[in-house]
Amino acid sequence: MCPQSAAGGGRAAPRARSVCRLLTRRAHGFYARDAGVAHRQNLGLLRQIMCQESTKFKNVWTTHSASPIAYERGRIYLDNYQCCISSIAQEPRILYEKPKCSKSEKIEDALLLECPLGEMLPSPSDYKPSLIVLTVQNWLLRLSADSGEILEKIYLAGSFCKFRYLSWDIPQEVMVVKSAQNKLPAAARQAGIQQSILFYLAVFQVLPLSFIGMLEINKKIFGNSVTDVAVSNGILIVMYSMGLVRLYNFQAISEQFMEQPFDLGHEFNWNGQVGVVGKYPFGLPCNIKITDTPPLLFEASSLENAFQIGGYPWHYIITPNKKKHKGVFHICSLKDKALAKNGIQDMKCCSLEPDWIYFHPDMSGRIIHVGPNLIKVLKLKEVKNNTDQTEVAEDFTIVANRENCVNNTVTVTASGRVVKKRFNLLDDDPEQETFKIVDYEDELNLLSTVAVTQIGADGRAHLDFHCNEHGILLKSIPLLESWDVTYSHEVYVDKDLVLHIEQKPNRRFSCYVYQMVCDTAKDDECSSHEKTERVFCKKGGRIFEYI
């Protein structure tokens with residue numbers, strides 16, 4: 001793959017800095033007064049070492065599971081979070097393994113909680129990473145990320161609702177627990193019984209864990225066609241079946257409609273019930289009662305409720321709410337809903353899987369638009385001689401390597417018969433190199449891409465690192481395992497570690513762990529696609545595969 005600079009000749013590549021010089025400056029104490037600067041310099045050194053031609057990534061071990069595999073910051077979780085394996089060592093190290101849990105203890109969702117910087121916390125355990133998990137029986141547990149020990153336990157609610165989802169309102173600060181949509185049984189609906197409450201949301205401040213409030217999403221307030229709801233960055237987002245998205249100020253709602261604040265572990269008397277907040281069987285009181293439609297901040301209509309806000313100045317991205325516009329994206333100003341100049345982005349892809357677009361996670365205000373064979377990084381800038389209008393301009397592009405692709409519409413058989421094809425290859429045809437994953441590694445400031453080519457049953461993928469500022473290809477890492485484009489895949493880059501998690505049919509999951517190694521003749525042989533000797537080892541009743 002190769003980057004192409006934007007019109008105008010592009011920009012010069014960033015100046016390379018000497019690793020030796022940076023190490024010398026660190027040894028002399030240049031960064032002693034600011035640990036943050038030293039950390040950034042260390043990550044800069046790691047990035048330079050990673051992107052050297054002599055540096056290889058070796059598949060050090062592999063494991064398989066009959067249940068989903070999750071990854072969080074150097075920890076691999078298996079068996080519904082009952083088993084935790086460190087991915088840092090070159091050999092798998094089991095951090096903890098719990099007995100198999102019953103169906104009533106099954107974990108529905110989880111979030112990694114990390115210690116905030118510069119804050120005094122009530123318990124020593126608060127300074128170490130922990131895992132917030134939600135069980136099928138409405139228990140919210142805080143577990144030690146390294147031992148699985150239960151640190152805190154909160155009962156959310158009885159059988160009137162089923163909490164299923166965890167998400168961040170503000171990352172590592174405010175957490176939202178959302179219920180599944182309330183639906184009456186078929187018999188109750190036939191009897192004419194009405195269900196007005198659609199969702200419940202419970203909101204918590206984290207570290208220390210404290211209860212902010214719980215509220216209902218009621219169709220009498222928000223309308224009959226509500227399909228989903230979320231809280232993000234202080235905004236209550238309500239989605240409707242006809243593609244409408246409405247935004248409300250969540251803080252204003254909680255202040256206006258809060259009936260009474262409650263603290264976890266304190267006794268309460270609520271609607272005739274006496275109990276302890278967060279304890280069984282009472283759980284949490286629904287103390288935010290929305291009695292009137294709150295003031296509307298913003299609304300937009302978009303196909304499949306696809307709506308994003310970002311950029312600078314603030315813009316939003318939608319797809320016009322008609323099926324014929326699928327794959328067409330409009331970038332508009334949040335201030336006045338005006339379409340930006342060049343704000344209609346359409347790759348005109350002819351593919352089974354649609355292209356996708358999102359605001360760049362690096363907070364630069366840029367936009368990433370990914371198609372089967374093209375990645376466009378866009379930027380927002382003021383229109384010349386018109387400061388009130390914004391223009392969408394191309395920053396750089398990354399193009400898939402399809403130089404060897406042949407798509408002849410006419411072929412000649414061995415007998416000399418001329419055969420004309422009646423169709424052209426799709427843009428994401430498996431036999432052509434196609435982008436499947438695009439991500440941003442924030443600590444190393446790298447744009448990572450996974451491109452796949454599949455011929456027959458054998459698919460080959462490679463992970464590429466690109467300069468985030470200019471799109472220049474810095475490193476390409478072949479993934480040794482076969483990649484089937486019909487399976488579900490996740491790829492994580494975590495400093496000197498690469499993980500590939502694959503879901504195969506019939507709930508078969510695999511995790512391939514790659515680590516950065518120095519180049520040797522032996523490692524060079526292992527980095528090829530040739531079959532190498534595999535060794536199997538059993539640890540804690542689990543089989544691991546070494547290469």
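**Exercise 1.** How many residues lie between β23 and β24 in their hairpin, and which residue in the turn has a positive phi? Then work out how β23 sits among its neighbours.

*Solution.* A quick caveat before we start: this is a predicted model.

Step 1. Begin with the hairpin. Five residues separate β23 from β24, and the turn residue with a positive phi is K337, at about 65 degrees.

Step 2. Check the pairing on that side. β23 and strand β24 (residues 339–346) run antiparallel and are joined by four bridges. In this ladder C332 stands opposite L339 of β24.

Step 3. Now look at the other partner. Strand β22 (residues 315–318) is also joined to β23 by four bridges, again antiparallel. Here I318 stands opposite H330 of β23.

Step 4. Finish with burial, using the cut-off of under 20% relative accessible area for "buried". Six of the six residues of strand β23 (residues 328–333) are buried, so the strand is largely enclosed by the rest of the structure. Split it by face: V328, H330 and C332 are on one side, F329, I331 and S333 are on the other, and all are buried. In other words, both faces of β23 are covered.

**Exercise 2.** Find the aromatic pairs, then classify W139–Y155 and F222–Y248 by their ring geometry.

*Solution.* Step 1. Get the total. Searching the whole structure turns up 15 aromatic pairs.

Step 2. Take W139 and Y155. Their ring centres are 5.0 Å apart and the planes meet at 55 degrees, so this pair is tilted. That follows from the cut-offs: planes under 30 degrees apart count as stacked, over 60 as edge-to-face, and the rest as tilted.

Step 3. Place the two residues. W139 belongs to strand β9 (residues 139–144) and Y155 to strand β10 (residues 150–155), so the pair ties together parts that are 16 residues apart in sequence. W139 is partly exposed at 21% relative accessible area, while Y155 is buried at 7%.

Step 4. Move on to F222 and Y248. With 5.5 Å centre to centre and 75 degrees between the planes, this aromatic pair is edge-to-face. F222 sits in helix α4 (residues 219–222) and Y248 in strand β17 (residues 244–249), so parts that are 26 residues apart in sequence get tied together. F222 is buried, with 3% relative accessibility, and Y248 is buried with a relative accessible area of 3%.

Step 5. Look for clusters. W139 and Y155 join Y280 in one aromatic cluster.

**Exercise 3.** Describe the largest cavity: its volume, its lining and the strand that gives the most to that lining.

*Solution.* Step 1. Count first. The structure holds one cavity of 30 Å³ or more, and the volume of the largest cavity is about 70 Å³.

Step 2. List the lining. It takes in 11 residues, and E353, P354, W356, P372 and F435 lie nearest the centre of the cavity.

Step 3. Sort the lining by class. You should get five nonpolar, two polar and four charged residues.

Step 4. Name the main contributor. Strand β31 (residues 434–441) gives the most to the lining, with three residues.

**Exercise 4.** Trace the strand order in the four-stranded and six-stranded open sheets, and pick out the edges.

*Solution.* Step 1. Start with the four-stranded sheet. Its order is β11-β12-β13-β14, with antiparallel pairing. The edges are β11 and β14 (210–218), each pairing on one side only. From one strand to the next, the twist averages 20 degrees.

Step 2. Zoom in on one ladder. Strand β13 (residues 197–205) pairs with β14 over eight bridges in the antiparallel sense, and F199 has I217 in β14 as its bridge partner.

Step 3. Check a residue on β11. S167 is in strand β11 (residues 163–170) and is partly exposed at 30% relative accessibility. S167 is 10 residues from V177 in sequence, with a C-alpha to C-alpha distance of 6.7 Å.

Step 4. Turn to the six-stranded sheet. The order is β35-β36-β37-β2-β39-β38, with antiparallel pairing. Its edge strands are β35 (488–494) and β38 (535–539), each of which pairs on one side only. Neighbouring strands here are turned by 20 degrees against each other on average, direction ignored.

Step 5. Follow the β35 edge inward. β35 pairs with strand β36 (residues 497–504) over seven bridges, in the antiparallel sense, and Y492 stands opposite L499 in β36.

Terms used. Residues numbered from 1 in each chain as written. Predicted model: local features only at pLDDT ≥ 70, side-chain atom pairs only at ≥ 80, totals over all residues. Heavy atoms only, no water. Pairing = 2+ DSSP bridges. Helix = DSSP H or I, 4+ residues; strand = E, 2+ residues; numbered from the N terminus. Axes fitted to C-alpha atoms, helices over the stretch in contact; angles between N-to-C directions. 1 Å grid on protein atoms, 1.4 Å probe; cavity = no way out; pocket = protein on both sides within 12 Å on 5 of 7 lines; lining within 4 Å. Points joined across faces, edges and corners; volume = space filled by probe spheres on them. Nonpolar A, V, L, I, M, F, W, Y, C, P; charged D, E, K, R; others polar. Phe/Tyr/Trp six-rings, centres within 6.5 Å; stacked < 30°, edge-to-face > 60°. Buried < 20%, exposed > 50% of the residue type's maximum accessible area, 1.4 Å probe, protein only.
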